[in-house]
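Dear colleague,

I am handing over the structure we spoke about, and the sequence and coordinates follow directly below. After them I set out what was found, place by place, so that you can follow along in your own viewer.

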Amino acid sequence: MGRKDVENYLFNQLTMVMRKKIAAANWKMNLNWNEAKELITQVLDQNPTIPSLHQVIIAVPFPYLDMASHLIAEHPGFAIAAQNCYHKSSGAYTGEVSATMLASMGIRYCLVGHSERREYQQETPAQLSDKLQLCFSQAITPVFCCGEPLTIRESGDPCDYVRNQLSESLLSLTPEQIAQLIIAYEPIWAIGTGKTASAAQAQEMHLAIRNYLTSTYGSVIADAIPILYGGSVKGNNADAIFTNPDIDGGLVGGASLNAVEFSAIIKALPQ
Ligand code: PEP
């Protein structure tokens with residue numbers, strides 16, 4: 001082994017060890033102000049300490065970002081995320097919220113490309129690519145969502161579909177940016193339906209994503225990227241999903257609206 005190989009080996013080991021395990025909540029368009037406050041308070045009460053390798057991220061509606069950020073401020077291991085940002089940096093785009101605005105409020109995470117936005121807002125791969133760039137320009141870590149519809153799962157090549165989603169939107173990112181990314185694999189047929197991908201189906205796709213990242217960016221970067229599973233994760237199935245080697249936690253919709261359920265998911269993160 002030459003010196004460079006040893007350095008690469010050590011760096012590899014370090015990043016492997018450091019890959020965070022993440023429980024991310026996606027509240028979507030739910031809860032009023034008081035309910036939102038109450039839910040965060042309950043989750044904090046039920047999780048007074050978070051192991052240093054774990055991260056809890058709560059993606060709340062825009063109007064709650066500031067309140068939620070204040071509530072978690074003294075709680076290491078918790079962070080607040082936006083559910084979206086606009087694909088332009090500023091200007092005459094009534095009703096939109098920019099990455100710059102989020103960063104100016106101290107927000108450090110943002111979901112990008114959730115399937116509901118791809119479907120209902122017709123977000124395109126090019127727009128998602130611009131959002132990723134804008135997030136990185138503001139030191140916001142994007143949680144990039146991908147996942148296949150039922151038709152592809154039943155009669156197509158789901159791994160190929162997801163690889164295409166990644167290559168279409170990640171193409172313009174530098175390796176340094178890619179290394180900061182979080183990816184959430186969410187099969188559309190499993191979101192909010194109660195149908196979960198089996199642990200084997202989820203691991204197969206996560207491995208395909210990791211292999212794609214390895215072949216495109218190298219193993220050091222691929223091993224550093226947390227890949228989350230999303231799609232009807234609950235307190236009673238999180239354990240089976242999270243124990244797979246390429247699954248680094250979950251992006252959780254429905255179950256994140258209940259403090260007991262979400263806390264069970266947080267506690268199921270591998271130690
Ligand atoms: C989601 O919206 O990202 C999600 C995974 O939802 P659910 O957990 O309700 O399937």
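Helices, meaning H or I runs of at least four residues, and strands, meaning E runs of at least two, are DSSP runs numbered from the N terminus. In those terms S98 sits in the loop between strand 3 (78-82) and helix 4 (99-104). Please keep in mind throughout that this is a predicted model. S98 has a relative accessible area of 6% and is therefore buried, the cut-off for that word being under 20%. Its C-alpha atom lies 8.3 Å from that of L134, although S98 and L134 are 36 residues apart in sequence.

The ligand site

The shell around the ligand comprises 14 residues, of which K28, E186, G192, S232 and G253 come nearest. By class, the residues of that shell divide into eight polar, four nonpolar and two charged. Three glycines place polar backbone atoms by oxygen atoms of the ligand: for G192 a backbone N or O atom lies 2.7 Å from a ligand oxygen, for G253 the corresponding distance from a backbone N or O atom is 2.8 Å, and for G254 a polar backbone atom is 2.8 Å from an oxygen atom of the ligand. Taken alone the ligand exposes 300 Å², and the protein buries 97% of that area.

S232, one of the residues that come nearest to the ligand, also deserves a look for its backbone, since its phi is near 60°, a positive value in a residue other than glycine. S232 belongs to the loop between strand 7 (227-230) and helix 12 (238-242), and with a relative accessible area of 9% S232 is buried. As background, most residues other than glycine have a negative phi.

L31 likewise has a positive phi, near 80°, and is a residue other than glycine. L31 is found in the loop between strand 1 (21-26) and helix 2, where a relative accessible area of 24% makes L31 partly exposed.

Helix 2 and the loop after it

Helix 2 (residues 33-46) has 14 residues, and the distance from its first C-alpha to its last is 20 Å, close to the 20 Å expected at 1.5 Å a residue. Which residues of helix 2 are buried? They are A36, L39, I40, V43 and L44. These residues cover an arc of only 130° around the axis, and therefore lie on the same side of helix 2. The general geometry is that an α-helix has 3.6 residues a turn, so residues three or four places apart point the same way. The face of helix 2 that is turned away from the buried side carries N34 and D45, which are exposed.

N47 lies in the loop between helix 2 and strand 2 (54-60), and at 3% relative accessibility N47 counts as buried. The side chain of N47 makes a polar contact of 2.9 Å with the side chain of K267.

Helix 5 to helix 6

In the loop between helix 5 (115-120) and helix 6 (125-137) you will find E123, which counts as buried at 9% relative accessibility. The side chain of E123 takes part in two contacts that you may wish to inspect: a polar contact of 2.6 Å joins it to the side chain of R117, and another, of 2.7 Å, joins it to the side chain of K131.

Helix 8

Helix 8 (residues 158-170) has 13 residues, which should span 18 Å at 1.5 Å a residue, and the 18 Å between its end C-alpha atoms agrees with that. Its buried residues are P158, C159, V162, Q165, L166, S169 and L170. Seen down the axis of helix 8, these buried residues fall within an arc of 125°, so they line one face of the helix. At the start of helix 8, a side-chain oxygen of D157 reaches to within 3.2 Å of the backbone nitrogen of C159.

L170, which is placed in helix 8, is buried with a relative accessible area of 0%. The C-alpha atoms of L170 and L181 are separated by 9.8 Å, these residues being eleven apart along the chain.

With best regards

How values were computed
Residues numbered from 1 in each chain as written. Predicted model: local features only at pLDDT ≥ 70, side-chain atom pairs only at ≥ 80, totals over all residues. Heavy atoms only, no water. Near = heavy atom within 4 Å. Polar contact = N/O pair within 3.5 Å; in protein donor to acceptor, adjacent residues only side chain to side chain. Areas by Shrake-Rupley, 256 points an atom, 1.4 Å probe, with all protein chains shown as cover. Nonpolar A, V, L, I, M, F, W, Y, C, P; charged D, E, K, R; others polar. Expected span 1.5 Å × (residues − 1). Buried < 20%, exposed > 50% of the residue type's maximum accessible area, 1.4 Å probe, protein only. Arc of directions from axis to C-beta.
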